[in-house]
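Reader: I would like to go through this model with you, asking at each step what a given term rests on. Could you begin with the terms needed for the ligand site?

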Amino acid sequence: MADTQRKLGLWLIGASGNVAATIAVGLAALQRRKHAPVGMLTEQPPLDALPLRPLKDILLGGHEISTRTVAQTAQALATESRIFDHELLKAVAPDLRTFQKNIRTGSALGCGTTITRLASRKMNAGAANARAFINQVRKDLRNFQSRNKLERVVVINVASTEPRSPRRKSHATWAALSKALSQNTSPLPASSLYAIAAIESSMPYVNFTPSLGVDVPAILELAVANNVPVMGADGKTGETLLKTVLAPMCRDRALQIDSWVGHNVLGNGDGEVLDSAANKSAKLETKNGVIASIAGYAPQVRTSIEYVKSLNDWKTAWDHVHFRGFLDTQMTLQFVWQGCDSILAAPLVLDLARLADYHAAGNQGGVMSHLACFFKSPMGTRQHAFGPQMKMLADYAAENLVRENESNPPQHRKAKARRKRRIPR
Ligand code: NAD
């Protein structure tokens, strides 16, 4: 088999955003062995025992609505946020150019005014109608796969957060939705149209944003019918990650949570889009649900998100928690989390791409609820606590390892184990 036929395409919606550019710089840095894969779950036990796609075999492409290039975004991240050094950017420049060549014009259909203002690319005329846009995306995905002789393509949404979408009658079944897609007004925002295009192309789709994406009954029906893996929503990288570790601790120690207040400040493009009330409401919904779901009752929860331009790609969360213990004595937990937005997100997106690819390779489709630990609002499960979510992933790895071992001849297994332990033969 030629080398290229073993390659995986990772198609990013929002291809020149901060997260996408960090994925591109980070993937190239790992492929060129400039850095160790710190922060990646698929590079450590138990997931590293699965035969996942090697990082060197991943090629990037994507859709974008802005004329800003990946190299420009990476340069801005280096200069303003100081997350890459200029030497690294120089070394990976050819990789960013290859990615840039694989970026096609997307659409801001149904994304509201804040995102539409970002659309500086000349939009395709056919994108006026939802079905025409889906067909265009399918064509772009097919061309990317065939031109680069890719074995599979995984589509991951890292585009700006859309405003919350109203539920419509046509969302209930695929029969109703497929008719509505040909009407003049799109029944769905772009994140969901990209999802339909991916599923119709038999490509796994993952929604790393709070946008609607695949979370529509009709689209899930399509994913199950086509046996395509899907998952979302909204990557769990910062404040919510801490909430889903600390809230179970309070619950398990029988400490009663009275209130949980979180103030979040962030800069970058994400923060700017979230500054609009309509777009912010989608994010607040995914952030707010976790405490009550873990505690089993509803403490007072307040979350705010403020855009502070000078923070660039850095974000800070200040959380204040009132909890009660023995004899109703009230106590306080406070924490400050200062993280770099894109550096937290990028390795998780690479993990998700490899795990979705592996799931599809095993001919498994539908909602990948075993990936819940990656999301603020995971689909297919009510489990929000981080520990049990990690166990779901470890159980998945263990079950699949058993399957792998059963289908591999014993001498092959021994050779593989020897290679893994690096025992000289
Ligand atoms: P960003 O603003 O830097 O990048 C978003 C990119 O998407 C922009 O280049 C924009 O032009 C593009 N875009 C918007 N709508 C599009 C469309 N319909 N089609 C194609 N491209 C489109 O934002 P970011 O910091 O890269 O974050 C990306 C997304 O990831 C956001 O929705 C954010 O909420 C989500 N997210 C990020 C984190 C994190 O830790 N960084 C965690 C969870 C979720």
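Author: Domain bounds here come from an automatic or database domain assignment, and the model itself is a predicted one. That assignment gives domain 1 (7-235 + 343-410) and domain 2 (239-339), and the shell around the ligand draws at least three residues from each of domain 1 and domain 2.

Reader: How do you know that domain 1 and domain 2 are in contact?

Author: Contact means heavy atoms within 4.5 Å, and by that cut-off 23 residues of domain 1 are in contact with 28 residues of domain 2. The C-alpha centres of domain 1 and domain 2, for their part, lie 26 Å apart.

Reader: Which residues of the shell come nearest to the ligand, and which helices and strands each supply at least two residues of that shell?

Author: Around the ligand there are 33 residues, of which Glu64, Ser107, Ala159, Tyr194 and Thr237 come nearest. At least two shell residues are supplied by each of helix 1 (18-31), strand 2 (58-64), helix 7 (190-200), helix 10 (268-274) and helix 12 (341-361). Sorted by class, the shell has twelve nonpolar, 13 polar and eight charged residues.

Reader: What makes the pairs of the ligand with Gly17, Lys315 and Asp341 polar contacts?

Author: A polar contact is a pair of N or O atoms within 3.5 Å, and each pair can be set against that limit. A polar backbone atom of Gly17 is 3.4 Å from an oxygen atom of the ligand, and an N or O atom in the side chain of Lys315 is likewise 3.4 Å from a ligand oxygen atom. For Asp341, a backbone N or O atom lies 3.0 Å from a nitrogen atom of the ligand. The protein covers 98% of the 850 Å² of accessible area that the ligand has on its own.

Reader: Why is the sheet of seven strands called open?

Author: Its strands come in the order 3-2-1-4-5-6-11, with parallel pairing. Strand 3 (103-105) and strand 11 (366-367) stand at the edges with a single partner strand each, so one side of each is left without a neighbour in the sheet.

Reader: How do you know that strand 6 and strand 11 pair?

Author: Two strands pair if at least two bridges are found between them, and two bridges join strand 6 (residues 229-231) to strand 11, so the condition is met, with the two running parallel. In this pairing Pro229 stands opposite Gly366 in strand 11.

Reader: What makes strand 7 a partner of strand 9 and of strand 8?

Author: The same criterion of at least two bridges applies. Strand 7 (residues 256-266) is joined to strand 9 (residues 314-324) by ten bridges in an antiparallel arrangement, where Gly262 stands opposite Asp319. With strand 8 (residues 300-307), strand 7 pairs in the parallel sense over eight bridges, and Leu266 stands opposite Tyr307 there.

Reader: How do you know that the peptide bond from Pro45 to Pro46 is cis, and where is Pro46 placed?

Author: The omega of that bond is near 0 degrees, and Pro46 has its place in the loop between helix 1 and strand 2. A cis peptide bond also joins Gly232 and Ala233, with omega about -5 degrees; Ala233 is in the loop between strand 6 and helix 9 (239-252). Most peptide bonds are trans.

Reader: What is the phi of Leu327?

Author: Leu327 has a phi near 60 degrees, a positive value in a residue other than glycine, and Leu327 lies in the loop between strand 9 and strand 10 (330-340). Most residues other than glycine have a negative phi.

Key
Residues numbered from 1 in each chain as written. Predicted model: local features only at pLDDT ≥ 70, side-chain atom pairs only at ≥ 80, totals over all residues. Heavy atoms only, no water. Helix = DSSP H or I, 4+ residues; strand = E, 2+ residues; numbered from the N terminus. Near = heavy atom within 4 Å. Polar contact = N/O pair within 3.5 Å; in protein donor to acceptor, adjacent residues only side chain to side chain. Areas by Shrake-Rupley, 256 points an atom, 1.4 Å probe, with all protein chains shown as cover. Nonpolar A, V, L, I, M, F, W, Y, C, P; charged D, E, K, R; others polar.
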